[in-house]
Amino acid sequence: MTALALNPARPSQLLAEFDRRHRLLTRYGLATLALGAVAILLQFVDPRTLASGVGIWVKPAKFFISVSVFAFTAAWFMGYVRPERRNSRLMRGTVFALIASGTFELAYIVFQAARGLESHFNTGTPFHAIMYALMGLGAVILTATTLPLAWEIARRPAPGLQRSFVAAVVIGLLLTFALGATLGGYMSSQAGHAVGQAGGSVPLFGWNRLGGDLRIAHFFGIHAEQAIPLLAAAVAGASARLRWTAVLGGSAIYAALTLGVFYQAVAGRALLPL
């Protein structure tokens, strides 16, 4: 088995591979991806905007796609758990927690969007304050599902994987929680994601270009679970020494860059200024 086992040559084969690794997570990823496409289309038929000037369906589209990517990643990583452990109580509970917390967060975001109201940083009424807190708890649970998956892969990896690649998957999962959840928690405790001046917008992401934006470091933190294993896959054909150097050094650099982007945002400086 190669490091990533990226054997499928066509999208249909890739989807079949996801399905083979974990059917429920794959179906959930497809469902949220489809709903993300619906949210994108709704932007063309529903011109309403939030007080910030952003279309009301922009955030639902982003979060549907983000949860979809998260679910697909978990489905893929289930292939690195020994087959006899994929249906264990721990793994079933992990999948349930991922789907339940992701669905709750998405449902509230859509609910607020349909009403033309902000879902995030909206604590104007007791109802909104409670729902925002619950949504934050859901986000922590969602990112925490990386921990039991990392534990299982670290203790009982599927046969045939390079040890350096197993380490990369585990480190990526741990960094997703450590950086993604921590930086996300800090951001949610603020009045908004922008620091200092606000204006301009990075295409697709909408990141602030006049001042700091706390979402960028959170984004990098969340996607450590893809970045570090992809780095390991890229050097899979190298010597063991070079593989370990790349995985450990790359992980340290990735974490340092994420924290650097965070401190830059806290200082009110834009990552991509106008």
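Here is a short tour of two helix contacts and two cavities in this structure.

Before you click, know that this is a predicted model: local features need pLDDT of at least 70, side-chain atom pairs count only at pLDDT 80 or more, and totals for chains, interfaces and linings use all residues. Residues are numbered from 1 along each chain as its sequence is written, and side-chain values use heavy atoms, with hydrogens and water left out.

**Stop one: H7 and H9**

Select residues 163-188, helix H7, then add residues 224-234, helix H9. Helices here are DSSP runs (H or I, at least four residues), numbered from the N terminus. The axes of H7 and H9 come within 7 Å and cross at roughly 160 degrees; axes are lines fitted to C-alpha atoms over the stretch in contact, and angles run from 0 to 180 degrees between N-to-C directions. That makes H7 roughly antiparallel to H9 (the label for angles over 145 degrees).

Now show side chains. Touching residues (heavy atoms within 4.5 Å) include Phe165, Ala168 and Leu173 of H7, and Ile228, Pro229 and Ala232 of H9. By class, this contact has 11 nonpolar, two polar and one charged residues. Nonpolar covers Ala, Val, Leu, Ile, Met, Phe, Trp, Tyr, Cys and Pro; charged covers Asp, Glu, Lys and Arg; the others, Gly among them, are polar.

**Stop two: H3 and H9**

Keep H9 and select H3, residues 58-78. Their axes come within 10 Å and cross at roughly 45 degrees. That makes H3 oblique to H9 (oblique is what remains after under 35 degrees for roughly parallel, over 145 for roughly antiparallel and 65 to 115 for roughly perpendicular). Look for Val69, Phe70, Thr73 and Phe77 of H3 against Glu225, Gln226 and Pro229 of H9.

**Stop three: the cavities**

How many cavities of 30 Å³ or more does a search of the whole structure find? There are two. On a 1 Å grid over the protein atoms alone, a cavity is a set of points where a 1.4 Å probe fits but cannot get out, and lining residues have an atom within 4 Å of a point. Grid points are joined across faces, edges and corners, and a volume is the space filled by probe spheres set on the points.

Select Phe70, Thr73, Ala74, Leu98, Thr145, Thr146, Leu149, Leu173 and Glu225: they line the second largest cavity, of about 40 Å³. H3 gives the largest share of this lining, three residues.

Finish at the largest cavity, with about 50 Å³ of space. Its lining includes Leu50, Lys59, Ile109 and Glu118.

Conventions: Helices (H or I, at least four residues) and strands (E, at least two) are DSSP runs, numbered from the N terminus. On a 1 Å grid over the protein atoms alone, a cavity is a set of points where a 1.4 Å probe fits but cannot get out, and a pocket is an open set with protein on both sides within 12 Å along at least five of seven lines; lining residues have an atom within 4 Å of a point.
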